[in-house]
Amino acid sequence: MNYGVVQEQDWNALTDEAFRAVVRTEFETHHPQQLRFPPRRLRWSENKSWYLRMAAKGWIAPSWPREFGGMGLSPSKMLIFLEEQERCGIARFQDHGILMVGPVLMRFGTEAQRRRYLPPILACEEIWCQGYSEPNAGSDLAGLRTEARLDGEEFVINGQKTWTTLAHDATHMFVLARTDKNAKKQQGISFLLLDIKVPGVSVRPIRDIAGHEEFCEVFLDNARTPASNLVGELNHGWTVAKSLLGFERIHIGSPKLPEYGLQVLQSVARQQGMLNDPVFRERLARLQLDVAHLGDIYGHFAAIVGRGEPLGPEVSLLKIWATETFQRIAELIIETAGDCGGHSGDVRLGELGIDILAPFYKARPSTIYGGSNEIQRNILARQVLNLPA
Ligand SMILES: Cc1cc2nc3c(=O)[nH]c(=O)nc-3n(C[C@H](O)[C@H](O)[C@H](O)COP(=O)(O)OP(=O)(O)OC[C@H]3O[C@@H](n4cnc5c(N)ncnc54)[C@H](O)[C@@H]3O)c2cc1C
């Protein structure tokens, strides 16, 4: 079945070295210098041209199987791809379609849904955002109150979502909504796809502490979506939602952000003349080992996904390890920058201008989104270690 760009190339047939060379050349030659290592999440208007290029090359979905138009990379090749992206400072785009909607439709969607939605995701023509959290339903997501009512051939949705990353750049949102108010919390929820340009959807950006508008509130006031946009069974959206959180955790658990942090740390240390300081070197080595271990664990979980097997609750470990390692790195960057550690924006260190606080601002929320680390610890305690509640 062809869902978009046909992937002729079997990247996994290349040696790791050959694959790395191809990817590095592509990124170093073509990725615009001015977009490298941005201090904040870029808007779609800023990195669109790069990702349209990736889409045209067939590189937009490195982890999707080839039959769905992805590169079909094995876990080890995927790691190389991420490492090279990080080396070059290539920022993530609004990739919920690639990371979440695609895998969900491959697993739970109908053939008609895959045909309708996968090609525009691959072409970056439709950009998705995640409508899960609500003002009183974050960690306790099953407590969500947004409702969807069937009216003929359409669902009518009412409610409010919040912390919706880059909703102002999205064309579509996947929504968790309550479709049976009488069922037990988790059982009356459905997973719906929604075009957010329809009447009844309003998006309001939220300004964060760094002055950026990365996430939004989304108000749903009698917003309509065709009944055919229900993914999985009616009232069984929780199963779909949970599997998607697994994909999200594996993504957040990739070594990408800590590797970026290590690069900034080493640049700051070099400019501060710290690279030969034995105490600093010991701390750096510990962090480098933590990131290397993270790469191994990530490879383990990525292999499970690659085999098409479901991720178990242990994947929570990955999210904790990645985000807390990143936070330790971000804190050491500030310490290493000395007097400049608290300055916002680019700081002149030697011949370089470095945004010291950018990794810190990226690292702080990472232990919250995708399910807070306290909740991940609860999952590990109860479901993996069988400790009493
Ligand atoms: C940068 C960023 C981007 C985001 N993007 C999106 C998005 O695109 N779409 C979306 O739907 N959501 C998004 N979110 C929301 C995110 O999923 C929620 O913030 C998260 O689930 C926590 O929910 P909350 O903010 O309501 O905090 P709460 O659930 O109110 O938690 C507050 C604190 O209490 C702790 N806590 C809560 N319950 C327990 C418990 N049972 N045991 C121990 N500790 C507990 C939590 O760990 C946390 O420290 C984003 C968040 C951030 C920070």
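Modeller: Helices (H or I, at least four residues) and strands (E, at least two) are DSSP runs, numbered from the N terminus. This is a predicted model, in which local features need pLDDT of at least 70, side-chain atom pairs count only at pLDDT 80 or more, and totals for chains, interfaces and linings use all residues. Residues are numbered from 1 along each chain as its sequence is written, and side-chain values use heavy atoms, with hydrogens and water left out.

Biologist: What makes the span of helix 7 close to the one expected?

Modeller: The expected span is 1.5 Å times one less than the number of residues. Helix 7 (residues 256–271) has 16 residues, so 22 Å is expected, and the helix reaches 23 Å from its first C-alpha to its last.

Biologist: Why are Trp128 and Gln130 called buried?

Modeller: Buried means under 20% relative accessible area (1.4 Å probe, protein chains only). Trp128 and Gln130 meet that on one side of strand 1 (residues 128–131), as do Cys129 and Gly131 on the other, so both faces are covered.

Biologist: How do you know that strand 1 and strand 4 pair?

Modeller: Pairing takes at least two DSSP bridges between the strands. Four join strand 1 to strand 4 (residues 172–178), so they pair. The two run parallel, and Gly131 stands opposite Val175 in strand 4.

Biologist: Why do Phe93 and Ile121 count as nonpolar in the lining of the largest cavity?

Modeller: Ala, Val, Leu, Ile, Met, Phe, Trp, Tyr, Cys and Pro count as nonpolar, so Phe93 and Ile121 qualify. The lining has five nonpolar, three polar and two charged residues. Helix 4 (residues 96–108) gives the most to that lining, with three residues.

How values were computed:
1 Å grid on protein atoms, 1.4 Å probe; cavity = no way out; pocket = protein on both sides within 12 Å on 5 of 7 lines; lining within 4 Å. Buried < 20%, exposed > 50% of the residue type's maximum accessible area, 1.4 Å probe, protein only.
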